[in-house]
Amino acid sequence: MAAATITRKLPSLSGDLHHHQNPLEENPFFHPSNGFYITPSDVVLAQVVYDLSADSQPRVAYHRAGPRREILYEASAVKAAIVTCGGLCPGMNTVIRELVVGLWELYGVRQIYGIPAGYRGFYSMEPVELNPKLVHDWHKKGGTVLATSRGGFNLQKIVDAIQLNGYNQVYIIGGDGTLRGAVEIFKEVSRRKLEVGITGIPKTVDNDVGIIDRSFGFQTAVEMAQEAISAAHVEAQSAVNGIGLVKLMGRSTGHIALHSTLSNRDVDCCLIPEMSFYLEGKGGLFEFLEQRLKERGHAVLVVAEGAGQEMIPRSESQKQERDESGNAVFLDVGVWLKSALNEWWKREHPGELFTVKYIDPTYMIRAVPANATDNSYCTLLAHSAIHGVMAGYTGFVPGPINGNYAYIPLEEVAQTKNEVNTSDPKWAWVRSVANQPDFDKKF
């Protein structure tokens, strides 16, 4: 007997809104044909790999993203707000641009506003009126032209501002913390019975947002990381007993470090938050590096910023420190590791030449414009978000699942995390490429 399929229900607006024919019917650039519009029965399976011997397990599906034949908004009545929150990420400006162009050209919306400086901008700054001419070349720029910030999340003030300004569509671009805030905004909007469509567009170079295949900006970050790794390799290779140490972004997940290692054959060891490691003793990092230096005369280490944090000495006040988003403040694992390496070598090999060159490309990686792949992805994300909101869906995130774009309940995405599975073949590939220790046991 075939397993049941459970389709995740999406919140929808109702109230005073009425169904209208999608204006794409009259759009000079579109000629809708059979299969163009998405129906409620079109879904995307959460998994495409199943064990048929366990066929009784229910299969989870999400509504497929795309234009609907009927929409709930009149273009003249739409007042849309777009906000970017949190840290920078390649592609933020592309998403803003495509939201503006998509709303304007596809649906005839003329009231589109950018909220400066993140969540706090809703209640502390004047919105910026946006149009296709203004945002024409934003996709070629790094960062976010709207400006961003961390923190500033005051739920009542934000929803008061949404209500006071008459916004009935809100597009929130941000990472996991931002999406958790979007969930609270959606709930408060629903509690007040406001007919406001809320959607979150997942942004993080770390690729740590769950359920979706990947978040935008990630591929650009991996591509840019190659320059730092190549520079570290040259520095290490040009020194006697040289070590090139590169710290890459990744507070709680090591996807950038993992994929950068797989993309670059010069890395000797990759350290990520999902994997514990140790320095001293048999099977430790120092033993491994000593062997590598004897064999090759140099080595390259890649470490994610969240790796080894539990090993770094810190004061009581440092343990309690939080940033404006409420995240624990991390100490610089690269600086600590460089110091530990130098102390180890001085202790074990006094008088012998040894060099550690430390490269931290964090801001270089996240501040660049998106590459071609991420630009294309950002466009599809933005248009998927617009189609969903115009159809009356709210409290959702658009994103690719197994290569197909879907609408996922916002709360479900905000509660999940995409961590590196060290039992997955990808991590085995990393270890085979670098031939690094597994750090499974301290003897």
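A salt bridge is counted where a side-chain nitrogen of Lys or Arg lies within 4 Å of a carboxyl oxygen of Asp or Glu, and the close-up views below apply this rule to a predicted model. By this rule, the count for the model comes to 17 salt bridges.

**View 1. Arg 296 and Asp 268 meet in a salt bridge.** The side chains of Arg 296 and Asp 268 are joined with an N to O distance of 2.8 Å, which satisfies the rule because the cut-off is 4 Å. Arg 296 belongs to helix H7 (residues 285-296), whereas Asp 268 sits in the loop between helix H6 (255-263) and strand S12 (269-271), so that this pair links distant parts of the chain, 28 residues apart. Asp 268 has a relative accessibility of 2% and therefore counts as buried, since that word is used for values under 20%.

**View 2. Lys 187 forms a salt bridge with Glu 411.** Here the closest N and O atoms are 3.3 Å apart. Lys 187 is part of helix H4 (residues 176-191) and Glu 411 is part of helix H12 (residues 410-414), and the pair links distant parts of the chain that lie 224 residues apart. Lys 187 is partly exposed, its relative accessible area being 37%, and Glu 411 is likewise partly exposed, with a relative accessible area of 37%.

**View 3. Glu 280 forms a salt bridge with Arg 347.** In this pair the closest N and O atoms are 2.9 Å apart. Because Glu 280 lies in the loop between S12 and H7 while Arg 347 lies in helix H9 (residues 333-348), the salt bridge ties together parts that are 67 residues apart in sequence. Glu 280 is partly exposed, with a relative accessible area of 39%, and Arg 347, at 44% relative accessibility, also counts as partly exposed.

**View 4. Four residues are joined into one network.** Asp 160, Glu 188, Arg 191 and Arg 192 are connected by salt bridges that share partners.

**View 5. Asn 371 is placed in a loop between two helices.** The loop that holds Asn 371 runs between helix H10 (362-366) and helix H11 (372-390). Asn 371 is buried, with a relative accessible area of 12%. When residues up to four places away in sequence are not counted, Asn 371 touches Gln 219, Thr 220 and Glu 223.

Terms used:
Residues numbered from 1 in each chain as written. Predicted model: local features only at pLDDT ≥ 70, side-chain atom pairs only at ≥ 80, totals over all residues. Heavy atoms only, no water. Helix = DSSP H or I, 4+ residues; strand = E, 2+ residues; numbered from the N terminus. Buried < 20%, exposed > 50% of the residue type's maximum accessible area, 1.4 Å probe, protein only. Contact = heavy atoms within 4.5 Å.
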